Amino acid sequence: TFLNSGSFYRAITFSLLNSNINLFDEKAVTDHALSLNIEYVNSRLILNGVDVEDKLHTDEIDEKVSVVSSILNIRHIVNDKIRLLAKKISIVCEGRDMTTVVFPDAEYKFYLDASIETQALRRFKQGVSNLSLEKIKISIQKRDELDKNKVGGALKIASDAIYIDTSDLTIDQVCEIILSKIHI
C-alpha cells in the first residue's frame, strides 16, 4: 500500500478550515485533530467515514498545511497513526520526515528531489491549482522554507538515504533506479 503522510496533514487542515478553527491556536488545533477519525484505505484518506482524498489538493490547503504540520502535537498524532498502520499492512511511505523521524530504521530510504522549476511545472500540469506557474513556484518555495525550519520533522535528507534528483527523469526512470537499489 502506498501511503502519503501529507494526506494526513491535509485532511486535518481541511477539517480545521471547514470548522473555522484558528490554525495558530495550537490547543484548539490539537483538540480538533484528536477528535477526528482518520483512516487510510486503499491509499485514500478517509476522514470521519468520508473519502476526502480528492478534496485535499486545493490552493487554500496548500497555503495552510505547513502551518498545521509545524505543530509538534499534530506531527506526533500523524506519526503515531502512520506507525500503527505500518504494523498492520505492508506499506511504502512518502513524506518529508519518513526516513528521519517516523521510520529512521527503515530498510530502504530514498530522498526524491527536483528543481523548484520542475516541481512547479509538475504541480501546474496536475491542474489542481488555480494559481499561475510563477505563483505555484513561490508557494512551493515558501512551503519548503517553512518545512526545512520546523522544530520537529524538518525536511532534511537522512544520512543513509539514497538521493535521487528526478528533475529530468520520468516516473518509469525513477522506479528503475529505486528497484535497482532494492534487494528482493
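Two strands are taken to pair if DSSP finds at least two bridges between them. In this predicted model, that criterion is met by strand S3 (residues 44–47) and strand S4, which run antiparallel and are joined by two bridges. Within this pairing, Leu 47 has Val 50 in S4 as its bridge partner. The sheet to which these strands belong is open and consists of three strands in the order S2-S3-S4, with antiparallel pairing. Strand S2 (38–41) and strand S4 (50–51) each have a single partner strand and stand at the edges, so one side of each is left without a neighbour in the sheet. Helix H1 (residues 5–18) packs on the sheet, where the helix touches S2 and S3, and the direction of H1 makes about 35° with that of S3.

Aromatic contacts were examined next. The count of aromatic pairs comes to two. In one of these, the ring centres of Phe 8 and Tyr 40 lie 5.4 Å apart with the planes at 25°, and because planes under 30 degrees apart count as stacked, the pair is assigned to that class. Phe 8 belongs to helix H1 and Tyr 40 to strand S2, so that the pair links distant parts of the chain, 32 residues apart. Both partners fall under the 20% limit for burial: Phe 8 has a relative accessible area of 1%, and Tyr 40 is at 8% relative accessibility. Tyr 111 and Tyr 163 form an aromatic pair that is likewise stacked, with 5.9 Å from centre to centre and 15° between the planes. Since Tyr 111 lies in strand S6 (residues 110–113) and Tyr 163 in strand S7 (residues 162–165), this pair ties together parts of the chain that are 52 residues apart in sequence. Tyr 111 counts as buried at 14% relative accessibility, whereas Tyr 163, with a relative accessible area of 41%, is partly exposed.

Charged side chains were then considered. A search of the whole structure finds 12 salt bridges. Among them, the side chains of Asp 62 and Arg 123 meet with an N to O distance of 3.3 Å. This pair links distant parts of the chain, with Asp 62 in helix H3 (residues 59–69) and Arg 123 in helix H6 (residues 116–126), 61 residues apart. Asp 62 and Arg 123 are both buried.

A salt bridge is also formed by the side chains of Arg 96 and Asp 144, at 2.7 Å from N to O. Here, too, distant parts of the chain are linked, as Arg 96 is placed in the loop between strand S5 (92–94) and helix H5 (98–102) and Asp 144 in helix H7 (residues 133–148), 48 residues apart. Arg 96 is partly exposed, with a relative accessible area of 26%, whereas Asp 144 counts as buried at 11% relative accessibility.

The side chains of Glu 117 and Lys 137 likewise meet in a salt bridge, for which the N to O distance is 3.4 Å. Glu 117 in helix H6 and Lys 137 in helix H7 are 20 residues apart, and their pair again links distant parts of the chain. Glu 117, at 45% relative accessibility, counts as partly exposed. Finally, salt bridges that share partners join Arg 10, Asp 62 and Arg 123 into one network.

Notes: Residues numbered from 1 in each chain as written. Predicted model: local features only at pLDDT ≥ 70, side-chain atom pairs only at ≥ 80, totals over all residues. Heavy atoms only, no water. Salt bridge = Lys/Arg side-chain N within 4 Å of Asp/Glu carboxyl O. Helix = DSSP H or I, 4+ residues; strand = E, 2+ residues; numbered from the N terminus. Buried < 20%, exposed > 50% of the residue type's maximum accessible area, 1.4 Å probe, protein only. Contact = heavy atoms within 4.5 Å. Axes fitted to C-alpha atoms, helices over the stretch in contact; angles between N-to-C directions. Phe/Tyr/Trp six-rings, centres within 6.5 Å; stacked < 30°, edge-to-face > 60°.
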